[in-house]
Amino acid sequence: MPDAVVIGAGPNGLVAANLLADAGWSVEVLEEQPEPGGAVRHDREVDPDFVSDVFSSFYPLAAASPVVAGLRLEDHGLRWSHAPHVLAHPLSDGRCAVLDRRVDVTARSLDVFHAGDGAAWRRLHHVWDRLHPDILASLFTPFPPLKATARLALRLRGAGGLRLARTLALPVRRMGDEEFGGEGGRLILAGNALHADLAPEAAGSGGFGWLMSMLGQTYGFPVPAGGSGALTEALVRRLRSRGGTVRCGRRVARVLVREGRAAGVRTADGETVTARRAVLADVSVPALYGDLVEPEHLPSQVLADLRRFQWDFATFKVDWALDGPVPWRAEQAARAGTVHLADGLDELTRFAAQIAMRRVPDRPFTLFGQMTTADPSRSPRGTESAWAYTHVPHEITSDAGDEGLTGTWDDREQNVMADRVERQVERFAPGFRTLIRARRILAPPTLQRLDANLSGGAINGGTAALHQQLFFRPVPGTGRPETPVRGLYLASAGAHPGGGVHGAPGANAARAALRRHRAPGLARLQRVLTHRDRTGDRPPPAH
């Protein structure tokens with residue numbers, strides 16, 4: 001009988017399992033899919049000579065996360081790789097905004113759009129430089145992050161206080177208008193805000209766009225060398241070196257509750273796995289409270305609030321094996337790992353408005369990944385392993401492109417939408433389609449079939465909008481990993497701080513379980529975490 005059962009071998013589940021194992025707990029991870037990783041996996045199914053990331057690819061949050069840094073995954077084989085530029089946003093007229101880890105390079109690209117915008121970027125970066133240690137501490141620790149928030153409040157007094165808070169609460173369109181005279185800086189902020197489901201006019205989208213932009217400025221958008229699954233492999237190797245087990249092809253169908261406490265799980269084929277101390281669930285919020293836990297074990301208010309749970313946008317993705325580099329009209333885009341494709345801020349607003357109206361966008365804002373540019377091991381020299389994804393509504397009432405898309409996502413609809421994405425790329429890279437050796441389409445139902453947490457193709461565990469963040473995440477009055485069932489902890493992106501590969505929900509759940517049981521290894525783990533947070537170094541010797 002293990003001390004803990006972890007449901008799901010995604011990055012959060014594996015982080016949680018590692019921290020519990022560090023504290024001396026025996027841990028068993030049960031994963032529905034035939035391999036671990038959740039949305040952090042790669043394969044060679046597009047073309048045998050090309051490595052393709054199936055879901056996520058770029059990991060600025062992992063690079064910034066003290067949780068991930070504390071695991072020292074480099075000791076278990078993980079290596080990071082970077083493209084020459086972090087991000088590019090080209091326009092059809094050939095101009096291009098560039099985000100680079102060198103501040104001067106970013107600033108120079110923005111000055112092309114408007115003289116003085118480079119200095120404006122440096123001012124925004126200066127604010128980040130002063131505040132980011134406490135911002136990251138607030139982001140990656142359990143809610144409410146009292147110590148980090150107190151330190152941040154003191155720093156804010158010296159950085160403009162209420163005025164800065166107002167700026168970060170702005171919609172990204174307004175923030176861009178206030179900070180920049182030209183379109184370049186506005187596009188970098190707004191494109192990064194739409195990595196989540198935050199439209200240019202959404203409250204708080206300015207702060208999120210600024211956060212993602214500054215993460216890229218400081219840490220880049222790194223990729224695991226060899227494929228995204230290398231991150232998963234390092235987590236699994238580390239866990240197994242500490243005695244933990246991962247069993248794949250084991251779908252959990254029920255959390256077993258006895259006398260108000262999570263006592264274990266039952267798999268779909270009838271196996272019972274008992275947990276001595278805790279069950280940690282790296283599953284979506286609707287799956288946990290709507291399927292795995294029987295209703296009689298949950299307060300009626302939680303069930304009522306669950307009906308108001310909002311998913312983030314659905315996702316449509318295309319992977320390509322290309323016979324050559326992408327022929328970008330703006331040459332700076334050729335050196336970027338991530339390329340944002342929308343011809344101006346108004347086109348971003350139009351895209352988000354069409355989704356809000358439940359229409360399939362006719363000119364989809366496209367996030368384009370150049371994986372061989374970021375990691376030359378991904379495909380043969382002179383080729384490019386590439387992908388693009390865009391968003392679509394979960395419920396579709398009409399097609400703004402007048403091609404009859406309804407959301408059935410049968411073969412015809414998948415190919416129509418993939419062609420539309422390719423036409424969007426062609427607007428900025430004429431001749432792109434002539435380079436396609438092979439392609440793979442991952443429509444919303446396919447993404448969900450490959451990872452049940454990606455319900456309807458939602459990739460962030462729920463909306464990033466303000467009404468479902470902090471103590472509203474996943475439902476009002478929560479914000480912490482504890483659930484109404486004693487010994488059951490929410491360890492997925494549905495918990496604070498939300499989506500992205502950073503490990504914080506898993507770490508928060510593990511720490512909550514350890515606090516509850518005061519495990520013999522807890523003091524040792526706390527010394528390790530404290531030492532790493534302060535020094536970034538190896539743990540102190542045990543006494």
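Is R437 buried or exposed, or does it fall in between? In this predicted model, R437 is partly exposed, with a relative accessible area of 38%. Its side chain meets that of D323 in a salt bridge, with an N to O distance of 2.7 Å. R437 belongs to strand 20 (residues 436-442) and D323 to the loop between strand 14 and strand 15 (336-341), so the contact ties together parts that are 114 residues apart in sequence. D323 likewise counts as partly exposed, at 41% relative accessibility.

Strand 20 also carries R439, whose side chain forms a salt bridge with that of E422 (2.8 Å, N to O). Because E422 lies in helix 16 (residues 411-428), this pair ties strand 20 to a part of the chain 17 residues away in sequence. The two partners fall into separate accessibility classes: R439 is partly exposed at 27%, whereas E422 counts as buried because its relative accessibility is 2%, the limit for buried residues being under 20%.

Across the whole structure, 39 salt bridges were found. One of them joins R247 to E271, the closest N and O atoms being 2.9 Å apart. This pair links distant parts of the chain, with R247 in strand 9 (residues 245-248) and E271 in the loop between strand 11 and strand 12, a separation of 24 residues. R247 is partly exposed at 26% relative accessibility, and E271 is partly exposed at 25%. Both residues take part in a salt-bridge network that also includes E28, R250 and D269.

The loop that holds E271 connects two strands of an open three-stranded sheet, in which the order is 10-11-12 and the pairing antiparallel. Strand 10 (252-258) and strand 12 (272-274) are the edge strands, each pairing on one side only. From one strand to the next, the twist averages 30 degrees. Strand 11 (residues 261-267) and strand 12 are joined by three bridges, and G264 has T274 of strand 12 as its bridge partner.

A second antiparallel arrangement involves strand 6 (residues 85-90) and strand 7, which are joined by four bridges; A88 is partnered by V98 in strand 7. The two strands form a hairpin with five residues between them, and G94 in the turn adopts a positive phi of about 100 degrees. In a regular strand, side chains alternate between the two faces of the sheet. Strand 7 (residues 96-99) is covered on both faces, with C96 and V98 buried on one side and A97 and L99 buried on the other.

Twelve aromatic pairs were found in the structure. Among them, W320 and F368 are stacked, with 5.7 Å between centres and 25 degrees between planes. The pair links strand 14 (residues 314-322), which contains W320, to strand 17 (residues 366-370), which contains F368, across 48 residues. Both W320 and F368 are buried. A further stacked pair consists of W387 and Y389, at 5.7 Å centre to centre and 15 degrees between the planes; W387 and Y389 are both buried. W320 and F368 also belong to one aromatic cluster with W328 and F432.

On the surface, L470, F471 and F472 form a nonpolar patch with about 260 Å² of accessible area together. F472 is located in the loop between helix 17 (444-450) and strand 21 (488-490) and is partly exposed, with a relative accessible area of 32%. By contrast, V15 in helix 1 (residues 11-22) counts as buried at 3% relative accessibility. The C-alpha atoms of V15 and A507 are 6.2 Å apart in space, although the residues are 492 apart in sequence.

Terms used: Residues are numbered from 1 along each chain as its sequence is written. This is a predicted model: local features need pLDDT of at least 70, side-chain atom pairs count only at pLDDT 80 or more; totals for chains, interfaces and linings use all residues. Side-chain values use heavy atoms; hydrogens and water are left out. Patches are made of residues with over 30% relative accessible area and no salt bridge: like charges are joined within 9 Å, nonpolar side chains (Val, Leu, Ile, Met, Phe, Trp, Tyr) within 5 Å. Accessible areas come from the Shrake-Rupley method with a 1.4 Å probe; for residues, only the protein chains shown count as cover. A salt bridge is a side-chain nitrogen of Lys or Arg within 4 Å of a carboxyl oxygen of Asp or Glu. Buried means under 20% relative accessible area, exposed over 50%, partly exposed in between (1.4 Å probe, protein chains only). Two strands pair if DSSP finds at least two bridges between them. Axes are lines fitted to C-alpha atoms, for helices over the stretch in contact, and angles run from 0 to 180 degrees between N-to-C directions. Rings of Phe, Tyr and Trp (its six-membered ring) pair if their centres lie within 6.5 Å; planes under 30 degrees apart count as stacked, over 60 as edge-to-face and the rest as tilted.
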